[in-house]
Amino acid sequence: MYVSSPTNDLVAVRWQRNNETGTLLYGIEEFAREWEQAGTGNAKWKLRAGAIAAAAVCGIGLYLGLRAWESERAGRVAAAARQPAGVDGSAADDGALAALACSRGADEYLRSVTDGSFKWAYGATPDERFNEQVAVHVAPGITTSVSDKLLMEDSSGAFRRVELVCSYDIEDRKVLRYWIANGEE
(Lines give C-alpha, C1' and ligand atoms only; values in the text may rest on other atoms or scores of the structure.)
Protein backbone atom coordinates (compact mmCIF):
# COMPACT_ATOMS: atom_id res chain seq x y z
CA MET A 1 0.00 0.00 0.00
CA TYR A 2 1.43 3.32 -1.05
CA VAL A 3 0.29 6.89 -0.84
CA SER A 4 0.18 8.03 -4.43
CA SER A 5 -0.71 11.65 -4.00
CA PRO A 6 -0.87 13.17 -0.53
CA THR A 7 -2.25 16.41 -1.93
CA ASN A 8 -5.15 14.64 -3.66
CA ASP A 9 -5.64 12.07 -0.83
CA LEU A 10 -5.16 9.08 -3.10
CA VAL A 11 -3.94 5.69 -1.92
CA ALA A 12 -2.54 3.01 -4.23
CA VAL A 13 -2.84 -0.61 -3.18
CA ARG A 14 -0.67 -3.14 -4.99
CA TRP A 15 -1.59 -6.75 -4.75
CA GLN A 16 -0.28 -10.08 -5.95
CA ARG A 17 -2.12 -13.36 -6.15
CA ASN A 18 -0.55 -16.46 -7.73
CA ASN A 19 0.79 -15.17 -11.08
CA GLU A 20 -1.30 -12.00 -11.21
CA THR A 21 -0.41 -8.53 -9.95
CA GLY A 22 -2.42 -5.38 -9.86
CA THR A 23 -2.77 -1.88 -8.50
CA LEU A 24 -5.94 -0.29 -7.19
CA LEU A 25 -6.31 3.44 -6.69
CA TYR A 26 -8.59 4.71 -3.86
CA GLY A 27 -9.56 7.94 -2.25
CA ILE A 28 -8.94 8.15 1.54
CA GLU A 29 -12.59 7.85 2.49
CA GLU A 30 -13.22 4.98 0.08
CA PHE A 31 -10.07 3.19 1.28
CA ALA A 32 -11.08 3.54 4.95
CA ARG A 33 -14.55 2.23 4.25
CA GLU A 34 -13.45 -0.83 2.25
CA TRP A 35 -10.08 -1.84 3.63
CA GLU A 36 -9.40 -0.69 7.20
CA GLN A 37 -12.82 -1.44 8.61
CA ALA A 38 -13.01 -4.83 6.93
CA GLY A 39 -9.52 -5.83 7.98
CA THR A 40 -9.39 -4.53 11.56
CA GLY A 41 -12.99 -4.71 12.76
CA ASN A 42 -12.84 -8.47 13.18
CA ALA A 43 -9.46 -8.29 14.91
CA LYS A 44 -10.71 -5.64 17.33
CA TRP A 45 -13.74 -7.77 18.15
CA LYS A 46 -11.53 -10.82 18.74
CA LEU A 47 -9.32 -8.76 21.04
CA ARG A 48 -12.32 -7.47 22.98
CA ALA A 49 -13.86 -10.93 23.24
CA GLY A 50 -10.54 -12.34 24.43
CA ALA A 51 -10.19 -9.63 27.08
CA ILE A 52 -13.75 -10.20 28.27
CA ALA A 53 -13.20 -13.97 28.44
CA ALA A 54 -9.92 -13.53 30.35
CA ALA A 55 -11.58 -11.15 32.81
CA ALA A 56 -14.47 -13.60 33.28
CA VAL A 57 -12.10 -16.52 33.93
CA CYS A 58 -10.09 -14.43 36.42
CA GLY A 59 -13.28 -13.30 38.16
CA ILE A 60 -14.59 -16.87 38.44
CA GLY A 61 -11.22 -18.05 39.72
CA LEU A 62 -11.11 -15.27 42.30
CA TYR A 63 -14.67 -16.01 43.42
CA LEU A 64 -13.99 -19.75 43.79
CA GLY A 65 -10.71 -19.05 45.59
CA LEU A 66 -12.39 -16.72 48.07
CA ARG A 67 -15.17 -19.24 48.68
CA ALA A 68 -12.61 -22.00 49.34
CA TRP A 69 -10.62 -19.72 51.69
CA GLU A 70 -13.80 -18.68 53.52
CA SER A 71 -14.88 -22.30 53.89
CA GLU A 72 -11.44 -23.34 55.18
CA ARG A 73 -11.36 -20.42 57.64
CA ALA A 74 -14.85 -21.25 58.92
CA GLY A 75 -13.74 -24.85 59.42
CA ARG A 76 -10.69 -23.75 61.42
CA VAL A 77 -12.80 -21.44 63.58
CA ALA A 78 -15.33 -24.20 64.24
CA ALA A 79 -12.56 -26.66 65.08
CA ALA A 80 -10.97 -24.18 67.46
CA ALA A 81 -14.32 -23.60 69.16
CA ARG A 82 -14.75 -27.32 69.71
CA GLN A 83 -11.29 -27.76 71.27
CA PRO A 84 -10.88 -27.52 75.03
CA ALA A 85 -9.21 -24.47 76.51
CA GLY A 86 -6.36 -26.30 78.25
CA VAL A 87 -3.12 -27.39 76.61
CA ASP A 88 -3.36 -30.84 78.19
CA GLY A 89 -6.93 -31.47 76.97
CA SER A 90 -8.68 -30.15 80.07
CA ALA A 91 -12.18 -28.70 79.88
CA ALA A 92 -12.75 -24.97 79.50
CA ASP A 93 -14.10 -24.61 83.06
CA ASP A 94 -10.93 -26.00 84.71
CA GLY A 95 -9.58 -22.45 85.10
CA ALA A 96 -12.80 -21.40 86.82
CA LEU A 97 -12.70 -24.39 89.19
CA ALA A 98 -9.05 -23.71 90.04
CA ALA A 99 -9.70 -19.99 90.64
CA LEU A 100 -12.68 -20.72 92.88
CA ALA A 101 -10.87 -23.34 94.98
CA CYS A 102 -7.72 -21.20 95.29
CA SER A 103 -9.80 -18.13 96.24
CA ARG A 104 -11.70 -19.95 98.99
CA GLY A 105 -8.64 -21.40 100.71
CA ALA A 106 -6.35 -18.37 100.45
CA ASP A 107 -7.35 -16.72 103.76
CA GLU A 108 -6.65 -19.88 105.76
CA TYR A 109 -3.19 -20.22 104.20
CA LEU A 110 -2.37 -16.53 104.80
CA ARG A 111 -3.40 -16.72 108.47
CA SER A 112 -1.08 -19.71 108.91
CA VAL A 113 2.00 -17.93 107.51
CA THR A 114 1.40 -14.35 108.70
CA ASP A 115 0.16 -12.68 111.84
CA GLY A 116 -3.08 -11.74 110.04
CA SER A 117 -1.78 -8.47 108.62
CA PHE A 118 -3.10 -8.78 105.06
CA LYS A 119 -6.07 -7.59 103.08
CA TRP A 120 -7.50 -7.99 99.60
CA ALA A 121 -7.47 -5.12 97.10
CA TYR A 122 -10.23 -4.13 94.69
CA GLY A 123 -12.95 -5.27 97.08
CA ALA A 124 -12.27 -8.86 96.08
CA THR A 125 -14.90 -11.24 97.39
CA PRO A 126 -13.79 -14.69 98.57
CA ASP A 127 -14.69 -16.14 95.16
CA GLU A 128 -12.90 -13.48 93.09
CA ARG A 129 -9.39 -13.42 94.52
CA PHE A 130 -7.90 -15.46 91.68
CA ASN A 131 -8.78 -14.80 88.04
CA GLU A 132 -9.97 -17.84 86.07
CA GLN A 133 -8.46 -16.54 82.81
CA VAL A 134 -5.00 -16.43 84.39
CA ALA A 135 -4.89 -20.13 85.30
CA VAL A 136 -1.90 -21.72 83.54
CA HIS A 137 -1.69 -25.46 82.86
CA VAL A 138 1.83 -26.35 84.08
CA ALA A 139 1.53 -30.14 83.90
CA PRO A 140 -1.18 -32.60 82.88
CA GLY A 141 -4.00 -32.09 85.37
CA ILE A 142 -2.27 -29.29 87.32
CA THR A 143 -2.83 -25.55 86.98
CA THR A 144 -1.12 -22.60 88.59
CA SER A 145 -3.10 -19.45 89.35
CA VAL A 146 -1.69 -16.10 90.44
CA SER A 147 -3.53 -13.42 92.38
CA ASP A 148 -2.28 -9.84 92.30
CA LYS A 149 -5.01 -8.66 94.67
CA LEU A 150 -3.21 -9.43 97.94
CA LEU A 151 -1.85 -6.59 100.09
CA MET A 152 0.46 -7.50 102.99
CA GLU A 153 1.63 -5.25 105.77
CA ASP A 154 5.38 -4.68 105.88
CA SER A 155 7.51 -3.80 108.92
CA SER A 156 6.73 -0.08 108.61
CA GLY A 157 2.97 -0.75 108.73
CA ALA A 158 2.36 0.04 105.07
CA PHE A 159 0.54 -2.42 102.87
CA ARG A 160 2.38 -3.54 99.76
CA ARG A 161 1.12 -5.61 96.87
CA VAL A 162 2.39 -9.19 96.62
CA GLU A 163 1.46 -12.05 94.38
CA LEU A 164 -0.07 -15.17 95.85
CA VAL A 165 0.41 -18.31 93.76
CA CYS A 166 -1.74 -21.42 93.99
CA SER A 167 -1.26 -24.89 92.45
CA TYR A 168 -4.46 -26.86 91.85
CA ASP A 169 -4.97 -30.53 90.92
CA ILE A 170 -7.82 -30.72 88.41
CA GLU A 171 -8.36 -34.48 88.67
CA ASP A 172 -8.51 -34.61 92.48
CA ARG A 173 -10.14 -31.16 92.61
CA LYS A 174 -7.97 -29.89 95.43
CA VAL A 175 -5.43 -27.19 96.14
CA LEU A 176 -1.91 -28.63 96.26
CA ARG A 177 -0.16 -25.64 97.78
CA TYR A 178 0.05 -21.84 98.07
CA TRP A 179 3.12 -19.63 98.13
CA ILE A 180 3.94 -15.95 98.04
CA ALA A 181 5.74 -15.10 94.79
CA ASN A 182 8.65 -13.18 96.31
CA GLY A 183 9.91 -16.42 97.89
CA GLU A 184 8.38 -16.18 101.37
CA GLU A 185 6.41 -19.28 102.38
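Among the elements of the protein chain, strand 8 (residues 174-180) has the highest mean pLDDT, 91, and strand 1 (residues 2-5) the lowest, 57. Here pLDDT is the predictor's confidence in each residue, from 0 to 100, while helices (H or I, at least four residues) and strands (E, at least two) are DSSP runs numbered from the N terminus. Over residues 83-91 the pLDDT is below 50, and this stretch has 13 contacts in the model beyond near neighbours in sequence; a contact means heavy atoms within 4.5 Å.

This is a predicted model, in which local features need pLDDT of at least 70, side-chain atom pairs count only at pLDDT 80 or more, and totals for chains, interfaces and linings use all residues. Residues are numbered from 1 along each chain as its sequence is written, and side-chain values use heavy atoms, with hydrogens and water left out. For the protein chain, the mean pLDDT is 77, and 76% of the residues reach 70 or more.

Let us turn to the interior. The largest nonpolar core has 18 residues, of which Leu110, Trp120, Phe130, Leu150, Leu164 and Tyr178 touch the most other members. Such a core is a set of buried Ala, Val, Leu, Ile, Met, Phe, Trp, Tyr and Cys residues joined through side-chain atoms within 4.5 Å; buried means under 20% relative accessible area, exposed over 50%, and partly exposed in between (1.4 Å probe, protein chains only). Helix 2 gives the largest share of this core, six residues. Phe130 touches, among others, Ala99, Cys102, Leu164 and Tyr178, not counting residues up to four places away in sequence.

Finally, the surface. Ile60 lies in helix 1 (residues 28-82) and is exposed, with a relative accessible area of 54%.
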